[in-house]
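Q: I would like a close look at one loop residue, followed by a careful account of its wider setting. Please begin with its place in the chain.

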Amino acid sequence: MGIGIKLFAFLTWLAILYAIGIALFTRGFLLNRLEISRSSDCETDSVPFPSVRFLSSGSAHKSEGLTDNQNHCVQHQRFSKAIILVIDALRHDFAVFNESLRASKSLPFQNKLVTIRKLLREKPHHSLLYKFIADPPTTTLQRLKGLTTGSLPTFVDASSNFAGSEIVEDNVISQLYKLGKRITFMGDDTWETLFKDKFIRSFPYPSFNVKDLHTVDNGVISHLMPEISRNDWTVLIGHFLGVDHCGHRFGPYHSAMANKLTQMDDVIRGVIEDMDKDTILFVFGDHGMTPTGDHGGDSADEVGAALFVYSPNQLFEEDEKIRDETKTVSQVDFVPTLSLLLGLPIPFSNLGSIIPELFTTLPKHDSITKDMERLPKEMRVLFSKVAALRSNAHQVNTYIETYSKMSNEFPHAESSKLLEVFNKAESILQNMSSLTKDSHQKVLDNLQDAEDLYKVYLSGVKDMCIRIWAQFDMMSMILGLICTGAVILFCWMLIARTQSAGDRSTLSSTLETLLLTSFCVYASFLTLSIVLILFTDELEEASVSTIVLLPAIPSALVTIAMIFLHFLDGQLGYILRTHIFRNSKESIFCGILTVANAALYTSNSYIVQESYVSTYIVQSIIIFWFICTGLSQSRTTKEALTKKTKIEKSRDIGHLITHPRTFLILFLVVFLVCVRFSTYFFACREEQYPNCEESTFLRPLASFTDEKSEYRHYRYFVSVACLAMLPASLSYWLNKQGNLNGTSASSLSITYALPAATVCVCLHWGLQSLPEKILDNIPGWEQVILARVAYGLLGISLGSLLFDPMCVYLVPKKDRLKLANSGDSSVSDDAAAPKVVERPKGMRKRNPRQPLEEAPSSDGADPPGFIPPIVYGLGTVFSSGFLQGGVTVCLLLAMLLGDGFAPAVLLLICQAMMFLELYAVIRRAHLKVLEMFPGLMQLGLLQVPWYAIAGWGFMANQYFFATGHHATVPSIRFESAFVGFYGDFPKYLYFVPALLITLNTFASQILFAVVLPLLVVWPYTRGRLFEKKKTEEDRKGEMNMHLNPDELRIAMFQLFVQYMVFHAIQVFGTMLSATIHRRHLMTWKIFAPRFVFQGASFLVVSIVLVVMYPIFIRIDMALSKWLQRLFDEV
Ligand SMILES: [Zn+2]
Ligand SMILES: [Zn+2]
């Protein structure tokens, strides 16, 4: 097994270990649950009344009211209309009236809602007050979802479509809409985004400005009374934000709160006066607030909102005893209650249970009422409660069954126990079908049993789901953190070990041992858990993911222990010490920046403004480099120059222009300009408004109207020009290096396939920018054909890179003579000139595995008349491959990003090139001490220091933002799923949209990972600003890398591992901040998305790196083979 394969295996295993760490954390952190987009309907999903004899008072087994295939939802209907007033953050104790307090003694939020007290006292059978318990997170958006779908909150929805932030699960609003009922809405505009186009009239007001206490409320109030009197609606929703905003701004103990609540009291009184008989009113808070007025977490104050129900019609028929104001109902209970009260099917994924006392009066449906009226009151009340509970339980049961088919999250033992309860209740009802009205007590007992069982079932299911979905699994989170942290540490030690000079001979076997041990430990723990499951009852409840993920932790820990043991003989300390102290100023600076950036992910404002910070970091790094190395270098050179050539004056303009420092400054300035311009492509995230203006580059061309057509043409032209620059400059550069003289597959595809692909992409953009009316008349296949051709051509380019990566040209013998006679100096001094392959005889005998020093050197003299082979492009044989790969990926990503971002992609490439140039200069300057030992110098160049890696990583982060992205869900650019595809995807192609969106989102990270090997390659051919004469070694350019294949493979491995470590440190930072802030108000808006994006970006980067490593080995091996063939020929 070659060392290349071993290193590749090791790299893959490291990537897997990281992925396992992240997966462990994610499993514990994200409340994930499948969102089923199915919706209930009355015909198939509702159950008829239990068929009991006593109801129909005689012979028939079924109730006469409704037959089997009729709408069974309406049998519970009590009201035809509902008014829902959401008073945001209305805490329970705001609504409860404390009689013992005198007016002067009450706190600002106490005893202000006097209307509620009055109604509870004067109309006890028409009003109810509950404590309304919210499921955390107590943020308005999550709460509105819960209050309409009846489901528990989620963060990542594994739903099957990409419908923005609109609710995809079945909910009350869409049920109303589906049945043709009319909803009118006023207030918090969150409703508008959740339920697009579902309202007949809607008066949304912006909810973002918490400093504004009145705009929303006054808007709602001004529309509320006129709307109530219009009477053409079934449901009226008003959402007030004043109380919530008052809490955020002043807290509940401020007099402003008293005014707000008094205002709300007036609203409630007004509504009650205007309500008609057939209407039910719900007034509730979506959550409470802490003593400081905030919310989002799960403290009792935040979770305990108030719910007040009132109707001019009688609400319930039971005794006074249920009128307990501290009685609690869950917020999800609102959903089935409202649904059945209005005669709607209960939304499909509801987990709430009805509020039973609201189903004790006679239903509206005539035939049912007729049947029910005949029953004695006690039996009637109990029976109608049981009937409603039964409908509810059936819906929940259907949902749980459907869900279990799609996922095995529910523990088997518990869910089957619950099913038993459900079946028992059903069988009780079935058994009493023969009982008549006469066996009074028996009927009552049975009904009571059934009611209790249904209640037990419903609350049991909900408890099970809460436990599984809505809680952080701290154990899993901590294990994830430990695993990721351990692997970072492990990588660092590994790098320190491989970078320390010395025993290369043992390295290969060491790696092998580490890899094998780590893998064996993982495998043995995995087997152990599988054996435990198969042969014992242990671990039966554990999910598949636990079993696969957990063994990684001992594996990582054992590997670290192995490294420690391996170097226990005192070497380890020495290695780590030298590794730290040997680092340059630049590396220490960048190391501090890396850790600081990761640590600052604990700050929400840092994350919000991260796009700007990223440019700042990149600029700082490059300026720090320049100050540390660039300036000092140019000074010494200048001194040297003035000493040698005293005649030359510094004022000489020609000298100034060609002075190395001028170039260095030029690179720096271009770099900084690129950074500056990249900010024009930033998108805005919600929190950045109003200080942020969305870039017009983000809008598709087609969205600009005709009067702006000049801008359209102008922008299109700029985009095309920018995109064309990519393949043009690639082929210019490689031509200059002599890479394109040959006819290898890759040089042909650089010459033909890439420009053709560019033309296709540009034409595709042109086609897409047509106005929608014209575009709709073009058949689907014509709209996508250009993009598909571009995919094909880019695929050919990538294929050619794998198939035939050698972009070199061997000069035929007869021309070789001519070139050789024309003089060596011109041949080898210029990079564009062909490279002479020296000493072919010696190299032919050399074992490629042998290090350079041991190779049989210049013993055999060349035979007389021998002309060494002359090859074009050999000096850039590696970079040509990576550049070709880079530009190919670049074109693909540019197409997915859309025309507006073509300039950004060009800026990215330009900035990266400047970075490489500066890096090459600085790297060579650092290694100047080795000038006397060319062999060591070449080996030294292989090592990429941390400052370059961190700079590269930070640039990837900068261009994540500069390609119009943010770490938020709304900023995902879903439109890229349809580049080259039209209409719906067939089932087997479902991965395509996900893939395209991933490519678009992480375009920058992918691109920087693809061209990462250039960090090793670049200093070999470039960066000689301060070196006056070329050494023998320099003439060979990148051929020097090939002289020691093992070292090259190790160096590339180190580079990849360090780049992974850079990203892993950032992921670790976001994980840590998500753990610390898991109860923070902004968790779901800021910290959780930041973690998800960072984790996903890390996974994408490591996949790219794992793919790139074998590609690099392939290029190196192709070179070996090519050289071997050449020498055999000579
Ligand atoms: Zn709220
Ligand atoms: Zn709030």
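Where does Asn-231 lie in relation to helix H8 and strand E5?

A: Asn-231 sits in the loop that runs between helix H8 (215-230) and strand E5 (235-240), where helices (H or I, at least four residues) and strands (E, at least two) are DSSP runs numbered from the N terminus. This is a predicted model, in which local features need pLDDT of at least 70 and side-chain atom pairs pLDDT 80 or more, while totals for chains, interfaces and linings use all residues. Residues are numbered from 1 along each chain as its sequence is written, chains are lettered from A and ligands numbered from 1 in the order written, and side-chain values use heavy atoms, without hydrogens or water.

Although Asn-231 is not a glycine, its phi is positive, at about 65 degrees. Its relative accessibility is 43%, so it counts as partly exposed, a class that lies between buried (under 20% relative accessible area) and exposed (over 50%), with a 1.4 Å probe and protein chains only. A second asparagine invites comparison: Asn-111, likewise not a glycine, has a positive phi of about 55 degrees and is placed in the loop between H3 and helix H4 (114-122). Asn-111, however, counts as buried, because its relative accessibility is 13%.

Further along the chain from Asn-231 come the residues that hold the zinc ion (ligand 2). Its protein donors (N, O and S atoms within 2.8 Å of the metal, or 3.2 Å for Na, K and Ca) are Asp-244, which is listed with OD twice, together with His-248 and His-295 through NE2, at 1.9 to 2.4 Å. In sequence these donor residues follow the spacing D-x3-H-x46-H. Two of them join distant parts of the chain, since His-248 belongs to helix H9 (residues 242-250) and His-295 to the loop between strand E6 (279-284) and helix H11 (300-303), 47 residues apart. His-248 is partly exposed at 22% relative accessible area, whereas His-295 is buried at 5%.

The zinc ion (ligand 1) lies 4.8 Å from the zinc ion (ligand 2). The zinc ion (ligand 1) is coordinated at 2.0 to 2.5 Å by Asp-88, again listed with OD twice, by OG1 of Thr-140, by an OD atom of Asp-286 and by NE2 of His-287, with the sequence spacing D-x51-T-x145-D-H. Here too the chain is bridged over a distance: Asp-88 is in the loop between strand E1 (81-87) and helix H3 (92-95), and His-287, 199 residues away from it, is in the loop between E6 and H11. Both Asp-88 and His-287 are buried.

The wider setting can be sketched through one further residue. Thr-594, in helix H22 (residues 585-600), counts as buried because its relative accessibility is 1%. Leaving aside residues up to four places away in sequence, Thr-594 touches Trp-946, Ala-950, Phe-954, Phe-1062, Ile-1065 and Gln-1066, contact being heavy atoms within 4.5 Å. Over the whole protein, 82% of the contacts between residues at least 6 apart in sequence join residues at least 24 apart. The protein contains 44 helices and 11 strands, and 56% of its 1130 residues count as buried.
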